[in-house]
Amino acid sequence: MGKPLSVVICDDSRLARKQMERALKQWNVDITHASHGLEALEAIRAGKGELLFLDLNMPLLDGYQVLERIRANDLPTLTIVVSGDIQPEARERVIQLGALDFIRKPLDTDLLTQSLRSFGLLEELAERPADTVNDAVETDLESARPQPLNRTRGLGLDPVSQAFELTESYQELANVAMGQAADRLARLLKVFIELPIPHVQLVELCEFDMALHQATGDNPITTICQGFIAPGIAGEALLMFSDSSSQDLAYMLGHEGEITDQVERELMMDIANLLIGAFLNGLGSQLDLSFGQGSPLILGQHCSIPNLQQNSRWTRTLSIDIGYRIEGRDLSCDLLLLFTEDSLPAMNELVRHL
């Protein structure tokens, strides 16, 4: 067996990096992990990245910026983008910037193998000896085997503490679901949506309430609420639109005529149904869950954000906050998912088995 191929896996999610590493375990590779673009570029310059697997949404330096620097500096690496941002334009942009291919998250090993084969990379990735592969498989199985909670590193019996330790995994799940929802919206509006890194946190609802009010200030917004449930899980999704978004939204949805409050409500309810439904479907598909959704309600129109604690039956929450921004338009909305504290045991168990 010859020299292993040097591979950099660049993703801000440890879960995503581990999934990619497992997918490559049968090949003769020398893997370097990078949690953001700057680390990836450093590894490539050090000769550790003949092949780069690159995420798009990352801190410090995102995937697009990494591709731009690879091209500008003529760095010796071949790049395959692996991302939850599955908008058609995202794929077009990375190919134009020099990526060989685009693979969607969550990772499908068959699609990965197909991609490597189509670019002649399987010849470079010689298979490991069978005993080495078996050792890697056994190690993976051992690390994946559920352990008693009081013996699992960093996990106690308190579901809130467990959820805190799993924050990065929740963030990766949200990242994939966010991308699927953005894809639906981008196709409907025929636009490109700028995606953030999902913000996941465990907070007292009263503290979160104050933080939201400080962030939005006195700016008028429209807030839509939709409840959701799954076995052992319940929560509420909020979608918040700035008032400046209504004109652009009506134009992109092809509305003609006066934009009354009723028209604005109907347009925003349509977007809320699409975004919230697509996000929950994306989240549920990863956890093998099917979420039921209630009817969306307008909590407030042209006013400050409603008091969340007053409208909820719990005091502590796991929150996922995502800001969707449409490129080149004065249109933005914030999707906020709040999971009840008593949902954490069921959710933690599902996430741990990933």
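## Fold and local features of a predicted chain

The chain has 13 helices and 13 strands, where helices (H or I, at least four residues) and strands (E, at least two) are DSSP runs numbered from the N terminus. The model is predicted, and local features need pLDDT of at least 70, side-chain atom pairs count only at pLDDT 80 or more, while totals for chains, interfaces and linings use all residues. Residues are numbered from 1 along each chain as its sequence is written, and side-chain values use heavy atoms, with hydrogens and water left out.

Of the 354 residues, 51% count as buried; buried means under 20% relative accessible area, exposed over 50%, and partly exposed in between (1.4 Å probe, protein chains only). Among contacts (heavy atoms within 4.5 Å) between residues at least 6 apart in sequence, 72% join residues at least 24 apart.

### The five-stranded sheet

An open sheet of five strands follows the order β2-β1-β3-β4-β5 with parallel pairing; two strands pair if DSSP finds at least two bridges between them. Its edge strands, β2 (29–34) and β5 (101–104), each pair on one side only. On average, neighbouring strands of this sheet are turned by 20° against each other, direction ignored. Axes here are lines fitted to C-alpha atoms, for helices over the stretch in contact, and angles run from 0 to 180 degrees between N-to-C directions.

Strands β1 (residues 5–10) and β3 (residues 51–54) run parallel and are joined by four bridges. One residue with a bridge partner in β3 is I9, which is matched with F53. Helix α1 packs on the sheet and touches β1, β2, β3 and β4 (78–83); its direction makes about 175° with that of β2.

### Helices α1, α8 and α13

L15 is found in helix α1 (residues 14–23) and counts as buried at 17% relative accessibility. Not counting residues up to four places away in sequence, L15 touches S169, E172 and L354. The C-alpha atoms of L15 and E168 are separated by 7.6 Å, although the two residues are 153 residues apart along the chain.

The axes of helix α8 (residues 167–189) and helix α13 (residues 344–352) come within 11 Å and cross at roughly 80°. The two helices are therefore roughly perpendicular to each other, given that angles under 35 degrees count as roughly parallel, over 145 as roughly antiparallel, 65 to 115 as roughly perpendicular and the rest as oblique. S169, Y170 and L173 of α8 make the contact with L344, M347, N348 and V351 of α13.

In α13, L344, M347, N348, V351 and R352 are buried. These residues cover an arc of only 130° around the axis, which puts them on the same side of α13; the arc is that of the directions from the helix axis to the C-beta atoms.

Q180 also lies in helix α8 and is buried, with a relative accessible area of 17%. Leaving aside neighbours within four places in sequence, Q180 is in contact with G84, I86, R104, A278 and G282.

### Backbone exceptions

Most residues other than glycine have a negative phi, and most peptide bonds are trans. The table gives two residues with a positive phi that are not glycine.

| Residue | Phi | Loop | Relative accessible area |
|---|---|---|---|
| L60 | about 70° | between β3 and α3 (63–72) | 64%, exposed |
| K190 | about 60° | between α8 and β6 (193–194) | 74%, exposed |

A cis peptide bond joins K105 and P106, with omega about -5°. P106 has its place in the loop between β5 and α5 (109–118).
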